[in-house]
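Reader: I would like a close look at a single part of this model, the open sheet, and at how the strands in it are ordered. Please also say how far the prediction can be trusted there, and what the side of one chain that touches the other is made of.

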Amino acid sequence: MAEQFIGKASEWKDGSRQIVRVGSEEIGIFKHEGQYFAYSNYCLHQGGPACEGLTIAKVEERLREDKTSMGLFFSENQMDFVCPWHGYEYDMRTGECIADRRLKLKKFNVLQKGDELYVVA
Amino acid sequence: MDLIADRGRRVTVEELNTTKLLAHANEQAKARNYKDMLIIDCDAHHYENENFREILPYMENDVFRQLTMSGQTKSRHSVMPGSMGYQDMGGRVTRYPLRSTEKTDPTRSRDVQLGERWMDAMGVDYSCLFPTGMLNVGLHPQKEMESDLCWAYNRWLTEKVLPETGGRMYSMLSLPFSDPEQTLRHVETFGHRKHVTGFMVTTVRANMAVNDNAYMKVYRAMEERGLSLAFHSGPNWGEPVFKSCNRFISVHALGFSFYNILHCTNWVVNGMGERFPKLPVIWIEAGLAWVPFLMQRLDHEYMLRPSECPVLKKKPSDYMRDMYYSSQPMEIQDMEAMECTFRMINAETQLLYASDYPHWDFDLPSTIYDLPFLSDKAKHNILGGNAARLFKLEPRNEAQKANLIKYGNYTAG
């Protein structure tokens, strides 16, 4: 397993990201709500740069008790990232494709050593 | 550049560079050695609306030209009927909002340069250039304006754009189908021009009967010239039947298939395949799942009501197997269903690879190349061989030529 330095934790702002290559892996690393998430940058659909597109809250449809729709809302607690090629959308915290959660991007660990951050591949 | 995400939050993404955006496509092209395989895209697009200042001066009618050109200042009015929808998914497909940020050489056609970038990245040798906004030209309330806009676009495309592509881009030109006489004039005027392999009818139209007697001379003119007739589909939220749809996904998923199903049905049951057996007909951008449905549906009804289709000498599905289909957007969800579809349409000889780039649901060549049930011959044919035969396009290197010869697709030279 290779560790690659990805910067100082003190310099990573919330909402920022990096794309790094570690050996044969291309990895997208996000900082979201104080946590780091790292995934393969190859979309499970047609291989697009899955981690390089828009980050956007999941869209939800809220239903009333009687099953009538209240309409569409942005989620208060789920952030997604979207492959810019075709719009495949992934859950930031799990790497699961939100349209079919059986599909998951390969996940990588991010290690913090003091103020230094490393992605492990 | 910042894109607007949820609740007005801004997300910084890099400015658009097509080559960089498609770097992974280029990795696929190298890994699969596409350079030895002729790859022909039969459906790609540009945004001709960004070139109206160049296109509109080609309009023939002085009054129409003045009307449209005067509206080009400060976007005072639109020239083309609009299409309501959210192709860019709220900016999720970033090449839409970022398109204007991409840098090109101002001394060359921007559309050609962008085309070369994505073609090179994907490993595509030739692409058929179609417009985007003009896919709605059939909804124009003035048939004279529809005709003049097609005329101007076709002149501009064949005189200014295609000659700049070094032969790598070709087109099936837009027809003003609301006016059969003008449609014929377009075929007679432009049919012999370089890089023109046929003509395209946009199928999003309020009223179109492809079997109308008025069009027979058009089909004959194309058949005599060895040209192809393509029907290019699209969505239309304004179509009465789709007004009950509350989501764009519904309009998009159904619309493309709906219009092709409609016009293909009229084409087949009226025996157009018997009347013009040497006219290649191509159904574009409706995916493939609709084809087996329509084959079964029409065959079933034909067996019960043959007296309504007396021109037919074989089943509707047999005529449909004589026609061509573009591959995109290929519904790769159930591989067994896909394999069955390929068998039913004789994909090995009748399917043409299409990317639809740069539109949001484009397909890479790997969507064909990676199918587990295809033979090498089928892959070569679908990705380029079938189109090479149909459009008489030449290989770009010796390895491609050898493969065309190997699989019986070398007709040029």
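Author: Chain B has an average pLDDT of 96, and 99% of its residues score at least 70. The model is predicted, and its scores are ipTM 0.96 and pTM 0.96.

The sheet belongs to chain B: it is open, has eight strands, and the pairing is parallel. Read across the sheet, the order is β3-β4-β5-β6-β7-β8-β9-β10. The two edges are formed by β3 (40-45) and β10 (351-352) of chain B, each of which pairs on one side only.

Take the edge at β10(B). Its partner is β9 of chain B, residues 324-326, and these two strands pair in the parallel sense over two bridges. One residue pair can be named here: S326(B) has L352(B), in β10(B), as its bridge partner.

Now to the place where the chains meet. There, 15 residues of chain A are in contact with 20 residues of chain B. On the side of chain A that touches chain B, the elements giving two or more residues are β5 (55-63) and β6 (69-82) of chain A. The largest share comes from β5(A), with three residues. Sorted by class, this side of chain A has eight nonpolar residues, seven polar residues and no charged residues.

Key: Residues numbered from 1 in each chain as written. Chains lettered and ligands numbered in written order. Predicted model: local features only at pLDDT ≥ 70, side-chain atom pairs only at ≥ 80, totals over all residues. Contact = placed C-beta atoms within 7 Å. Helix = DSSP H or I, 4+ residues; strand = E, 2+ residues; numbered from the N terminus. Nonpolar A, V, L, I, M, F, W, Y, C, P; charged D, E, K, R; others polar. Pairing = 2+ DSSP bridges. pLDDT = per-residue confidence, 0-100.
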